[in-house]
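Work through the exercises below with the coordinates open. Each task is followed by a stepwise solution.

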Amino acid sequence: MVLTTSCAPQGSTSQGREISSLYDIFLWIAAGVFLVTAGLIAWSIIRYRAKPGDDDLPEQFHQNLKLEVTWFAIPQILVVVLFVLSAFALNEVNEESPEPDAVVDVTGFQWGWRFTYDGSGKEVVGTPQEPAKVLVPVGNVSFVLTSADVVHSFYVPDFLIKRDAVPGRDTRIDVNVDAGVYDGVCAEFCGLLHARMPFTIEAVSQEAFQQWLQEPPEGVARGDG
Amino acid sequence: MAEELRFFLRTALFTILITTIYWLVSYEEAGTTLLIGIIGSAVFFVILIAVNVRAARRGGSKLNALLGFADTGPDSPLGLAEDVFPAPSATPLIASVAATLVGAGLIYGPWLWIPGVALSLAAAWSWLSEPGDTAKFTG
Amino acid sequence: MATAEPAIVAGAHEPRGVAGWLTTVDHKRIGILYVVTAVGFFIISGLLSLLMRAELAQPGLQVVNESTYNQLFTMHGTGMMFLFATPLVAGLANYFVPLHVGAPDVAFPRLNALTYWLYVLGGVVVFSGFLTASGAAAFGWTGYAPLSEATYSPGAGVDLWIIGLILVGTSSILGAVNLMATIFGMRAPGMTMFRLPIFTWNIIVTLTLIMFSFPVLTAALAALFIDRNLGGGFFDPTQGGDPILWQHLFWFFGHPEVYIVILPFFGVITEIIPVFSRKPLFGYRGFVFATLLIGAYSFSVWAHHMFTTGSVNNPFFSAMTMLIAVPTGVKFFSWIATMWRGKLTFPTPMLFAMGFLFMFLIGGITGIFVASPPIDYAVHDTYYVVAHMHYVLFGGTVFASFAAFYYWIPKMSGRMMGERLGKLHFWLMLIGFNLTFFPMHQMGLNGMQRRVADYPAESGLEVLNAVSTAGSGIVALSIAVFLFNLFVSMKRGASAGDDPWQANTLEWATSSPPPHHNFKRLPPIRSERPVFDARHTGPADG
């Protein structure tokens with residue numbers, strides 16, 4: 001799968017699109033701040049370069065309280081705005097769906113992922129040689145994450161979301177997934193084969209998903225967690 | 001009030017505010033404990049400097065006399081304006097080798113503690129007995 | 001008390017040659033030792049990163065295997081943070097704080113020597129992990145538990161990493177106490193707190209951060225050592241411990257640490273810009289206030305490194321982290337207003353200062369992005385974060401370090417650095433740095449995670465990585481130019497004289513290099529620019 005090289009990836013989940021549009025707002029504001037500040041620096045460098053042979057001291061001004069209060073206040077207001085925007089987005093992204101279309105239990109281990117599905121007995125275990133390929137239904141999916149050993153991080157770049165899988169705890173992400181095939185990786189460094197923990201999630205219709213859940217396991221390579 | 005004292009007092013007050021907010025929004029113990037540690041550290045410095053400033057106002061600190069420090073000038077609440085400086089010395093190098101040996105002993109076995117402790121004692125002895133070299137501001 | 005005459009009662013008789021360096025207790029020689037050793041660790045850690053870039057130039061494993069790669073990035077991070085950046089601060093502060101406050105030495109010169117030797121030996125212990133059978137530590141400089149526990153990372157390399165860092169940390173704490181006592185207790189007559197150079201003000205805040213944060217690291221490392229060797233279970237969930245506790249402890253130290261290695265360099269830039277603008281710093285008190293605010297905020301932002309753990313209060317840490325941008329912005333505007341209507345010249349130190357302004361601006365702005373938890377969910381632990389922190393730590397700290405070197409080496413050695421080579425160094429480093437790190441933003445957005453020796457082919461990451469590796473070669477070349485310049489200048493550089501830059505602060509009121517115990521006489525101190533005052537109001541009245 002070829003990833004886009006656009007500045008801000010679009011996201012294949014409603015949460016991802018939320019993050020993506022937040023990123024775009026930040027990017028516009030940041031571009032403004034950068035242009036103003038860098039412009040002032042560049043202007044000073046070009047305009048106030050000393051002329052050769054001019055040895056007089058420039059005017060020695062020390063401070064200007066009004067100016068200083070202003071340039072304290074403007075960034076202060078700006079960060080409050082950014083914080084509020086980001087807090088609203090955070091609420092949306094963190095919201096747990098009350099009745100998810102599927103709940104997937106994911107356990108990270110050195111070095112692979114075990115996916116189990118509540119109530120169906122379905123289990124898929126990936127290894128570095130044979131990464132896990134699992135299906136989820138299009139719609140609201142909850143991933144409940146934990147780890148069998150060290151800290152891992154469940155990261156699907158197209159979802160624009162990751163969450164750590166911590167031993168001894170459950171963490172959770174809820175996403176509303178579009179149809180498609182998505183590659184995932186481990187994002188938290190977890191030892192020797194950290195780079196060899198890919199997995200693939202395919203979001204299909206509820207019917208296709210249910211059919212897949214019923215299929216008998218096909219000689220899956222067992223990880224020993 | 002000395003600026004130095006105000007520096008740590010503000011640190012303490014600000015951290016008290018932050019710690020209160022943090023506890024009320026999170027009820028998280030590890031971070032709150034660490035923040036309380038910061039408050040404690042800042043308060044320690046406030047007291048240390050306050051004691052020195054007070055003693056200076058009364059014309060001399062028993063603590064400074066005990067530690068061998070000179071007394072406070074108007075700008076320097078810790079009172080180190082005049083001091084005796086040590087001559088060149090191999091003691092710090094020996095002391096650090098001793099500390100490294102003790103540390104390595106934790107990994108490779110306590111036999112390393114024998115030279116480690118011996119060097120520590122030697123360093124401690126020479127640290128306390130070496131002569132000084134004086135520089136003094138007058139004026 | 002207009003003037004002060006230090007009377008050296010007994011001169012020191014330093015042994016000559018190597019013995020002199022081994023036994024010195026002179027803050028200037030210790031400062032030089034610190035700086036040279038720190039640059040040595042910079043070069044070693046930099047070579048490790050070149051190996052990493054070589055490995056990442058194309059998909060697949062060509063240069064090193066995964067085990068080696070993991071050791072490389074761990075020791076690169078550890079070396080740069082603990083053995084380069086922090087000790088470089090100690091070195092510059094050691095040399096210049098006593099000069100800035102008009103003191104003959106630091107408060108406790110032998111303790112000063114001890115801190116240096118603890119640092120060197122600690123650094124050697126950390127790096128000696130490479131010589132053990134199982135190799136050096138390989139879990140990232142953050143040492144996340146339980147990966148760093150004995151079950152998952154056996155071997156003496158890790159224990160050496162722990163013990164070495166405890167030695168280095170102890171050295172930092174002792175050094176901070178020493179310098180704090182120097183600034184608080186040994187200021188020359190007339191040198192009030194609000195006449196201190198901004199560099200020294202920033203050092204005060206830095207020292208406070210060191211004194212309050214390094215003990216937390218030491219405690220965490222000791223607990224990890226107990227877990228590994230003495231059957232403890234602080235961070236082991238199977239024994240009732242908590243891996244998240246390690247992250248709290250580490251980052252409670254780790255985020256102030258970031259300010260420990262940037263605030264002094266804000267100070268360096270703030271010394272340099274007024275000198276080469278021929279104007280006073282605009283808003284001295286505002287600048288000090290901003291520094292204090294950054295220091296105070298820095299203890300309440302640690303868990304922004306833990307947004308994706310799902311076990312911290314994300315809105316609190318997001319708010320505090322964004323707030324810290326405000327005083328940083330104040331500093332930027334102070335620097336700009338200082339240059340405004342000045343008469344600017346651009347010798348190498350000022351060029352590096354300008355490079356710092358632009359590069360740190362980019363790093364600061366991406367800092368706001370990652371301070372937003374939803375955006376961090378996307379980019380955390382990807383190359384986006386690698387790009388951000390290198391814009392802050394390389395674009396910030398390293399550019400400002402070179403500004404400091406070109407500005408202060410004439411004072412430390414008595415010889416000017418070569419200007420032509422200096423400018424070549426600057427432009428090469430600026431181009432190489434941006435080629436190396438700018439593409440990393442896009443790599444991260446495309447989903448390339450950190451700390452991987454390999455990435456899939458046909459993932460759209462090949463070109464970005466190839467460009468990045470090429471850039472790292474240019475950075476390496478620029479460092480070679482610097483070392484060559486240093487070598488040539490120390491042999492044949494022009495004599496610096498007392499005050500080659502027409503500067504403001506007290507280090508320029510004495511010879512280059514300064515004599516033992518620093519000053520034959522001090523100018524009257526009536527503002528934060530005593531040397532400027534002396535130059536422009538005629539000879540001192542003392």
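**Exercise 1. Two helices of chain C**

How many of the 19 residues of α4(C) are buried? Then check the lengths of α4(C) and α8(C).

Solution. Note first that this is a predicted model.

Step 1. Apply the burial cut-off: 20 or more other C-beta atoms within 10 Å. In α4(C), 18 of the 19 residues pass, and the helix is mostly covered.

Step 2. Take the length of α4(C), residues 109-127. From first C-alpha to last, the helix reaches 28 Å, close to the 27 Å expected at 1.5 Å a residue.

Step 3. Turn to α8(C), residues 263-277. With 15 residues at 1.5 Å each, the helix should span 21 Å; the end C-alpha atoms are 21 Å apart, so the two values agree.

Step 4. Check the cover of α8(C): 15 of its 15 residues are buried.

Step 5. Look just past the end of α8(C). Arg278(C) has a positive phi of about 55° there.

**Exercise 2. The nonpolar core**

Which residues touch the most other members of the largest nonpolar core? Which helix supplies the largest share of this core?

Solution.

Step 1. The largest nonpolar core holds 287 residues. The members that touch the most others are Val136(A), Ile269(C), Ile272(C), Ala353(C), Phe356(C) and Ala403(C).

Step 2. Sort by element. Helix α14 of chain C, residues 383-413, contributes the largest share, 22 residues.

Step 3. Follow one member, Ile272(C). Skip neighbours within four places in sequence; the contacts left are Pro349(C), Met350(C), Ala353(C), Ala403(C) and Tyr407(C).

**Exercise 3. Two chains, two outlines**

How does the radius of gyration of chain C sit against the globule rule? Set out the figures for chain A in the same way.

Solution.

Step 1. Begin with the elements of chain C: 17 helices and one strand. The radius of gyration is 23 Å and the globule rule gives 24 Å for 542 residues, so chain C is as compact as a globular protein of that length.

Step 2. Add the box. The C-alpha atoms of chain C fill roughly 70 × 50 × 45 Å along the principal axes.

Step 3. Add burial and contact range. In chain C, 68% of the 542 residues are buried. Of its contacts between residues at least 6 apart in sequence, 82% join residues at least 24 apart.

Step 4. Now chain A, with three helices and ten strands. Read from the N terminus, the order is α-α-β-β-β-β-β-β-β-β-β-β-α.

Step 5. A compact globule of 225 residues would have a radius of gyration near 17 Å, but chain A has 25 Å. Its C-alpha box is roughly 85 × 40 × 35 Å.

Step 6. Buried residues are 38% of the 225 in chain A. Contacts 24 or more positions apart make up 68% of those with a separation of 6 or more.

**Exercise 4. The A-C contact**

Which chains share the most contacts? Describe the side that chain A presents.

Solution.

Step 1. Two pairs of chains are in contact, and A and C share the most contacts. No contact joins chains A and B; their closest C-alpha atoms lie 15 Å apart.

Step 2. Count residues in the A-C contact: 68 from chain A and 71 from chain C.

Step 3. Assign the chain A side. α1 (14-47), α2 (65-94), β6 (152-156) and β7 (161-165) each supply at least two residues. α1(A) gives the most, 14 residues.

Step 4. Classify that side of chain A: 44 nonpolar, 13 polar and eleven charged residues.

Key
Residues numbered from 1 in each chain as written. Chains lettered and ligands numbered in written order. Predicted model: local features only at pLDDT ≥ 70, side-chain atom pairs only at ≥ 80, totals over all residues. Contact = placed C-beta atoms within 7 Å. Helix = DSSP H or I, 4+ residues; strand = E, 2+ residues; numbered from the N terminus. Nonpolar A, V, L, I, M, F, W, Y, C, P; charged D, E, K, R; others polar. Core = buried A, V, L, I, M, F, W, Y, C linked by C-beta atoms within 7 Å. Buried ≥ 20, exposed ≤ 12 C-beta atoms within 10 Å, placed from the backbone. Rg over C-alpha atoms; globule rule 2.2 N^0.38 Å. Expected span 1.5 Å × (residues − 1).
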